[in-house]
Amino acid sequence: QEMFYAQRLEPMERIFHRQFAFSSQLDVTEGPFGIDWEKYDFMFMYLPGAIPKFKRPPIPIILFAHDFWREPTATQWVLDWLEPEVFLTTYPTQFKENYRFPKNTKVIFHPMFASNFFTRANLSQKSIDLLSVGNTMGPLYQGRRNLNMQLQKFKEQYSSYKLEFSHIVGTLEPNEQEGLEYTDPQGNQIRYLNKWSEYLGTAKYVIFGKMKYPILVGKYYETLGSGAIPIFHQVPDLELLGVKPFEHYIPLYEIEGNSERLKYFLDNYGKFKYIGENAVKWYKDNSDKMLFAGF
């Protein structure tokens, strides 16, 4: 219940609300105790780090898993015990490689689009040459820190380019005192979740580095829909989206450790602008279809 109603600065819970509104009626509960299971067709459950054990209900279970960086031993027992009919996940390849799934469990890809509702693509008005994004704190993100060191040196060497770094982590806990929007001194209503997409779109290129696991994190979707030309690491689950290098994004290996190649891309934005245009068209054509019809 807490996760479903959380007011966090990311759209996942809001997307789930809309997906269920399209697909079914539902009741939300704090825990699976004292429930008349005959009233329901299935149980949908988040897979967190620690949950109380309960008697498995006599109806199909959809187990949703997002965060991958817990030790497999901490959650493998949940799969062994519940044997869910469906394992719904944003990172199918990595979960399959690191977990043992019951023979009757079907692993299904659940994309992390912000949806067109939260996306504000900008293909024209650019004020930043290159924007580096993503959390860089902790052992998971050494690859992003390495990339940032390269970009900082590039910025010092070529001061004529406008490079920005945005690595602030959004709120992770629900807080009833902090809304998802505010009114600025000029009376403008600022919606945080839309504002992030607007900010990404002010850049010609948006980049983020590798992390410990090659997983399809939310940055991939956000940059593809922004109107900037995405530069990111190729991960296996990109194939599930159908996006292609130099058609929808520039692979990170093109510029990693090669600042002259980065300079070439920045100097030839007009030549590569089609990539950002393709990415936006792909996002508009596919995001809501995969999110809602797919669900």
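The lining of the second largest pocket contains 11 nonpolar residues and 5 polar ones, with no charged residues. That is a good place to start in this model, which is a predicted one. The pocket itself, the second largest, holds about 230 Å³ of space. If you want to find its centre on screen, look for Leu88, Ile108, His110, Gly294 and Phe295, which lie nearest to that point among the 16 lining residues.

Which elements build this wall? Helix 1 (12–23), strand 4 (106–109) and helix 9 (269–293) each supply at least two residues to the lining of the second largest pocket. Of the contributors, helix 1 gives the most, with 3 residues.

Now let us turn from the pocket to the enclosed spaces. The structure holds 3 cavities of 30 Å³ or more, and the largest cavity has about 50 Å³ of space. Its lining includes Phe208, Gly209, Lys210 and Met211, along with Tyr213, Pro214 and Ile215. Arg144, Val217, Tyr220, His233 and Val235 also line the largest cavity. By class, the lining of this cavity has 8 nonpolar, 2 polar and 2 charged residues.

Finally, come out to the surface. Leu9, Tyr182 and Tyr192 make a nonpolar surface patch of about 260 Å². One of these residues, Tyr182, sits in strand 7 (residues 181–183). Why does Tyr182 count as partly exposed? The reason is its relative accessibility of 39%, since partly exposed residues fall between the cut-offs of 20% for buried and 50% for exposed.

Definitions and conventions. Residues are numbered from 1 along each chain as its sequence is written. This is a predicted model: local features need pLDDT of at least 70, side-chain atom pairs count only at pLDDT 80 or more; totals for chains, interfaces and linings use all residues. Side-chain values use heavy atoms; hydrogens and water are left out. Patches are made of residues with over 30% relative accessible area and no salt bridge: like charges are joined within 9 Å, nonpolar side chains (Val, Leu, Ile, Met, Phe, Trp, Tyr) within 5 Å. Accessible areas come from the Shrake-Rupley method with a 1.4 Å probe; for residues, only the protein chains shown count as cover. A salt bridge is a side-chain nitrogen of Lys or Arg within 4 Å of a carboxyl oxygen of Asp or Glu. Helices (H or I, at least four residues) and strands (E, at least two) are DSSP runs, numbered from the N terminus. Buried means under 20% relative accessible area, exposed over 50%, partly exposed in between (1.4 Å probe, protein chains only). On a 1 Å grid over the protein atoms alone, a cavity is a set of points where a 1.4 Å probe fits but cannot get out, and a pocket is an open set with protein on both sides within 12 Å along at least five of seven lines; lining residues have an atom within 4 Å of a point. Grid points are joined across faces, edges and corners, and a volume is the space filled by probe spheres set on the points. Ala, Val, Leu, Ile, Met, Phe, Trp, Tyr, Cys and Pro count as nonpolar, Asp, Glu, Lys and Arg as charged, and the others, Gly among them, as polar.
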